[in-house]
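Here is a friendly walk through one protein chain. Keep the structure open beside the text and look for each part as it comes up.

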Amino acid sequence: MATWKQKNGFQQFTKELEKSSNDKRNYRLIRLHNNLECLLINDKDTDKSSVAMDVKAGHLLDPKELQGLAHFNEHMLFLGTSKYPVENDYQDYLSKNSGYSNAYTDMIDTNYYFTCSTNALKGAVDRFSQFFIAPLFTQSCTQREVKAVDSENKKNLQSDLWRLFQLEKGLSNPPLSNFGTGNWDTLYAEPSLKGMDPREELIKWYETHYSSHLMKLCVFGKESLDELEQLAVENFSAIPQRDIPQPQFSSDVWPRDAYKSIIFAETIKDIRQLALTFTFPEQDAHYNTKPGNFLSHILGYEGKGSLCSYLKQLGYINSLSAGFGFSAPGFEFFKINLDLTSQGIGKWKECLVFIFNYIDMMKRFSDNPPEYLFKETQDLAAIAFRFKEQGQPEKVTSSVARLMQKPYDREHILSGSHVIREYDPQCIKQSLDALSLDNCRVMLAAKDPIEGVGELDQVEKWYGTKYRVDKLPEELLEKINNSSSPPEMHLPHPNDFIPTEFNVEKKDVTEPAVVPTLLRDTNTLRLWHKKDDQWWVPKAHVYVVMRSPAVLESAKASVTTRLFNEILLDEMNEYAYDAECAGFAYSVESTGDGILVHVKGYNDKLTTLLHQIVSTMKNLPIREERFNVIKERIERVYANFSMDAPLMHANVSTYSLTQKAFFTFEERLDAVKQITKGDVEQHAKNLLDRLHMELFVHGNVTDEAAVKISRDVEDVIQPSALSEEERQSLQSSLVPKGDHIYTKHVPNKAQVNSAIEYYNEVGDVADLDLRTKLSLFAQIAHEPAFDQLRTKEQLGYMVFSGVRKSIGAMGFRVLIQSERPPIYLEGRVEEFFNVTIKNLLEEMSEEEFEKSKNSLIEEKLEKPKNLNNEASRLWLELSGGYYDFHRRTNEVESIKKLTKQDIMDFFYTYIHQFSDKRNKLSTHLISQSIPDQYKDLNDASALRSSNIIYDDIASYKNKTVPSTHAHPVAPIAQPAMNN
Ligand SMILES: [Zn+2]
């Protein structure tokens, strides 16, 4: 049978695509006459549609003299086509139809996707397909949008992730050494100087590399496959096919002297990272046997006998990971990453020896890699695929379009990256052999000078990272070659967590229940339960929050809680790593007023994991060495925060200003230094002796089983009760009437960006009427804010607007990170309200207004997409303390009643700067390196005189009053059980 059937103007793939047995969606693969492959996905119940296009053209194809061109091209495609010339037409259309779009460019792909409401699919596809048929690349946009790219690059300059990524790439052969983001110089100034026209070069590049046969399309909708097919054929057949071959790159990625060398690099943050990179056989060709996944499982294993466990015992590392680095057609990398402790940094040579010892031990098994281990990873992959939960439409289309680029048999497009089909010891051996010193380059990155390392005398070209490259010392190589693994190291033992019980009790349900059942309500515990009634997977979630006033007493108490959590996780790690491999996940974190334990996975064995966490918590042994390592790590986390991006600082500062109890990173850093092991022991006792627990059990679990879980947790912790007052929720600090500005310098002196968070508080989050007005206003203002402040004014790459909610308060905010000073940004935001929004509202037709309402209504009615999704939505209502399970439907009813006048009144009362009723707080993070051309804009006289300016948090907070506590929106039902 032929695998492709000829239709009228296109071909249909005739084989069935292999899919998860949990997957109810329908699929069809077609190939248009221009050789564009397209996967159609029909989901009759979906309330969102999505389309993604993956183009096999990334920054490895950038011309040498125009670095960043592939990325810049991605930006430009959004900004107008012959058919839809208006530059924000696409975004505007999506925003009015409950949708959004995104895109990314990496080394070999550029990936575009959008989502929208189901009835808007046709219009969105019409706009989207034009990117690949007739983009305009308007001259005026070109110059402006280079600035967006330039700002995007400046955002990355102080990020170690980007700096180290480019350092390693830059020390490789071209085109791997390319600078993928690009900036003003590479995309505009320098090409112009050389007599090139940047726009013409862009068009030339696009017309060379954007060809239909290198694109993969994925269309997801509620329409039938026949209808989706017609939509694809009609809209995408006109994409030109050009005469270019599939991109292929040389496997000769490094210069000769890079092998067996070590790069020493200086970081911005206090991190200590040892990374080994190996050139590795290309894995796509072995997708049926996945030898690389198998090796990364063993090397990255964290249970007993593992490399990770061994190095942790020695106190050298905090964590270890192993797996694929980046790859392209022609080459592949395998990476081992170590996060070193302060002790480990001086022992990097020993770490290298142990890593190679472990690999050597694996090789001794390599003639016969233990089949039980392989079988285990194969079984786990099969189980995970069988019960794979259905993803969000835009996540599915974006990732599937990318996977379609892989050389999988076409019937394996959906399964190829998951399923392991065969055991091929020969192939495993070949991959394992590649993990040798001869194929390796090492990088050691740290903030402070490393003992025994010469001066970092080189500077990386794009990010300014200081570094030096040495050969690995001979005596180290000898030591590696002449030592063998210590007896404590061994391969993983069989995994006891592999689930075996997959029964799902399925019953007929007309409508899934919206409200979980309250099963128990005692003075120390409240138990909520919802038996799964729509997903039918053998999985469950258990949330346990333990609330105690002891958590919030002081910065020291809050940090001690965090230390306690981290010590617990550390203690659990070896035991629970098997559970993670088997598809379970767990977390322990501070919630502000308590500790939240969350476990999820197959309901079979989930309770075993939860029991272990809770009993470890109750009897946590705190060992001096581990305590010191963890304390040092947390100290660094707080200290490193000062090097974070300005926008992050603006955000956290606003949070400190608007929460009644919140400790700044500076306060926490001071606190952590004083904490002793004894403090944590005492604190743990205080915390666990008296508390209130709230549990939520959701999924394939009966109510009897849920009750049993709660009794088990209770029996282990055995708490006594809190008083009524101690059980009250947290509170916000309300923004006082008038205009307030809090200013602070960006701590990182080399950071050229400043940031602003401009926040208008409107009232209590429990006020339904006001809440829906706020969300409709935010919906109307969202796209114009981006269009005006980012695309038109090019203030910076990071521009956001939206609703901000906390207990007892809510408001509208605009966030901008920019090279311009915050005083100037403050003015631009107010101008945006006074001109753009004012005109928009005044000129808005009734019909447009209704459209905005409908778009918001659809967003509110969006159904959860899987068990995970539903669980986190319900938990949000439970943990927030409002128990507003009917929130969405109530909001929809309230939105329906809103008139345009309501929104105008809302705007002039709460948002507009001339209102005398508004409560505005803006947080200004001022760069210490404002670029010269913007220094004049840092002029305080430009601020409206009504503003009161604060430079410390306390003097502002003295003027605030606390909000109400969270309280249930309706009386809580009687529990099903008496105790
Ligand atoms: Zn970008």
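The report below goes from the domains to one strand, then to the cores and a domain contact.

Please keep in mind that this is a predicted model.

**The domains**

An automatic or database assignment divides the chain into four parts. One of them, domain 2, is written as two stretches of sequence.

| Domain | Residues |
|---|---|
| domain 1 | 20–236 |
| domain 2 | 256–390 + 408–481 |
| domain 3 | 517–727 |
| domain 4 | 738–957 |

An unreviewed UniProt entry adds an annotation, "domain: Peptidase M16 N-terminal", for residues 39–174. That span is 40% helix and 19% strand, and the C-alpha atoms at its two ends are 34 Å apart.

**A covered strand**

Now find strand β8, which takes in residues 215–221. Is β8 mostly covered or mostly exposed? It is mostly covered, with seven of its seven residues buried.

In a regular strand, side chains alternate between the two faces of the sheet. In β8, M215, L217, V219 and G221 point one way, while K216, C218 and F220 point the other way. Residues of both groups are buried.

Which strands pair with β8? Strand β4 (residues 37–42) pairs with β8 in the parallel sense over six bridges, and here L40 stands opposite V219. Strand β5 (residues 48–55) is also joined to β8 by six bridges, but these two run antiparallel. On this side, M53 has L217 as its bridge partner.

**Two nonpolar cores**

The largest nonpolar core holds 108 residues. Within this core, I355, V542 and L695 have the most contacts. Leaving aside residues up to four places away in sequence, I355 touches L276, L307 and I336. Another core, of 61 residues, lies apart from the largest one and includes M76, L121, L187 and L231.

**Where domain 3 touches domain 4**

Taken over C-alpha atoms, the centres of domain 3 and domain 4 are separated by 31 Å. Across the contact, 27 residues of domain 3 meet 31 residues of domain 4.

Which elements of domain 3 give two or more residues to this side? They are β17 (525–531), β18 (539–547), α19 (646–658) and β21 (692–699). Helix α19 provides the largest share, ten residues. Sorted by class, the side of domain 3 that touches domain 4 has twelve nonpolar, eleven polar and four charged residues.

Terms used. Residues are numbered from 1 along each chain as its sequence is written. This is a predicted model: local features need pLDDT of at least 70, side-chain atom pairs count only at pLDDT 80 or more; totals for chains, interfaces and linings use all residues. UniProt positions are given in the numbering used here, feature names are shortened, and annotations may be inferred rather than shown by experiment. Helices (H or I, at least four residues) and strands (E, at least two) are DSSP runs, numbered from the N terminus. A residue is buried if 20 or more other C-beta atoms lie within 10 Å of its own, exposed if 12 or fewer, and partly exposed in between; C-beta atoms are placed from the backbone. Two strands pair if DSSP finds at least two bridges between them. A nonpolar core is a set of buried Ala, Val, Leu, Ile, Met, Phe, Trp, Tyr and Cys residues joined through C-beta atoms within 7 Å. Two residues are in contact if their C-beta atoms, placed from the backbone, lie within 7 Å. Ala, Val, Leu, Ile, Met, Phe, Trp, Tyr, Cys and Pro count as nonpolar, Asp, Glu, Lys and Arg as charged, and the others, Gly among them, as polar.
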